[in-house]
Amino acid sequence: MLIEKIDESKLLISLGKYDIEKLELNEEKMTLSNPEFKETLKAILSVAMLEADIKPSGKRVKIEAMPYDKGCFIIVSFLNRRSKRYTVRKKKNFIYRFDDFEDIITLAQSFSKSDIKIGANSVFECDGVYYLFVEDCSQETEKIIELFSEKYYPDSITNARFSEYGNVIAKNNALLKINNAFIK
């Protein structure tokens with residue numbers, strides 16, 4: 001389990017496959033209606049808050065869970081207003097690694113030739129490696145990415161690392177922008 005303090009009121013918790021197996025979690029169990037999961041989540045949060053030295057001012061917590069093929073990211077926001085309501089929101093986000101920018105151009109061209117709408121997407125460069133971040137993928141988008149995943153690699157790099165060490169190549173509909181810039 002990796003814990004990253006985003007700011008005074010936010011934590012990023014990254015659970016790898018090993019952590020998920022050790023905690024005996026799966027998508028069916030990861031609901032707030034499951035008392036076992038609530039207790040597991042409380043334990044994870046208490047460890048994370050101690051490690052990140054965060055002391056929440058209120059009792060309201062917003063939790064966003066983003067599963068991916070190698071584990072799950074959990075973003076915890078401690079809100080000031082008092083409330084007993086907890087929310088868990090699952091998103092289907094993907095981060096793919098590309099060693100060559102030409103591969104991103106090829107992928108952009110594939111999407112432009114299809115009628116498939118891709119979710120919000122951005123392209124970043126970090127240490128000579130390119131990353132495609134796709135938010136809220138549709139089933140159709142997942143199918144195309146699966147075809148490319150034989151050649152491209154899913155990655156677990158975080159948005160926080162992008163913003164600190166990476167360079168933005170294109171944001172908000174990056175594949176469309178790249179296609180328009182490089183394909184005539």
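1. Start with helix α6, residues 174-182. Its buried residues are Ala174, Leu175, Ile178 and Asn179; buried here means under 20% relative accessible area, exposed means over 50%, and partly exposed is in between, using a 1.4 Å probe and protein chains only. The helix and strand names come from DSSP runs (H or I of at least four residues for helices, E of at least two for strands), numbered from the N terminus. The four buried residues cover an arc of only 130 degrees around the axis, so they sit on the same side of α6. That arc is taken from the directions from the helix axis to the C-beta atoms. Leu176 and Asn180, on the other side of α6, are exposed.

2. Before going on, a word on what you're looking at: this is a predicted model, where local features need pLDDT of at least 70 and side-chain atom pairs count only at pLDDT 80 or more, while totals for chains, interfaces and linings use all residues. Residues are numbered from 1 along each chain as its sequence is written, and side-chain values use heavy atoms, with hydrogens and water left out.

3. What covers the buried side of α6? The cover includes α3, β7, β8 and β10. Contact, here and below, means heavy atoms within 4.5 Å. Just ahead of this helix, in the loop between β10 (167-170) and α6, you'll find Asn172. Asn172 is exposed, at 54% relative accessible area, and its phi is positive, near 55 degrees, though it isn't a glycine. Why point that out? Because most residues other than glycine have a negative phi.

4. Asp127 does a similar thing in the loop between β7 (121-126) and β8. Its phi is also near 55 degrees, positive in a residue other than glycine. Asp127 is exposed as well, with a relative accessible area of 72%.

5. Now the rings. Searching the whole structure turns up two aromatic pairs. To pair, rings of Phe, Tyr or Trp (its six-membered ring) need centres within 6.5 Å; planes under 30 degrees apart count as stacked, over 60 as edge-to-face, and the rest as tilted. Phe101 and Tyr130 have ring centres 5.3 Å apart and planes at 55 degrees, so this pair is tilted. The two partners are 29 residues apart, with Phe101 in helix α3 (residues 101-113) and Tyr130 in strand β8 (residues 129-134).

6. Phe101 also pairs with Phe182, edge-to-face, at 5.5 Å centre to centre and 65 degrees between the planes. Phe101 belongs to α3 and Phe182 to α6, so this pair ties together parts 81 residues apart in sequence. Buried or partly exposed? Phe101 is buried, at 15% relative accessible area, whereas Phe182 is partly exposed, at 46%. Put together, the ring pairs make a cluster of Phe101, Tyr130 and Phe182.

7. Next, helix α2 (residues 35-52). It has 18 residues and spans 25 Å from first C-alpha to last, close to the 26 Å expected at 1.5 Å a residue; the expected span is 1.5 Å times one less than the number of residues. Its buried residues are Phe37, Thr40, Leu41, Ile44, Leu45, Ala48 and Ala52. Looking down the axis, they fall within an arc of 135 degrees, so they line one face of α2. The general reason is handy to remember: an α-helix has 3.6 residues a turn, so residues three or four places apart point the same way.

8. Which strands does that face meet? The buried residues of α2 pack against β1 (2-7), β2 (10-16), β3 (60-68) and β4 (71-79). Turned away from the buried side are the exposed residues Pro35, Glu36, Lys42 and Leu50. After α2 comes Asp53, with a positive phi near 55 degrees.

9. Last, the nonpolar cores, meaning sets of buried Ala, Val, Leu, Ile, Met, Phe, Trp, Tyr and Cys residues joined through side-chain atoms within 4.5 Å. The largest has 21 residues, and Leu11, Ile13, Ile74 and Val76 touch the most other members. Two or more residues each come from β2, α2, β3 and β4, and α2 gives the largest share, six residues. A separate core of 16 residues includes Phe98, Ile104, Ile105 and Leu107.

10. One more residue to find: Ile63, in strand β3. Ile63 is buried, with a relative accessible area of 4%. Its C-alpha is 9.7 Å from that of Leu11, with their places 52 residues apart along the chain.
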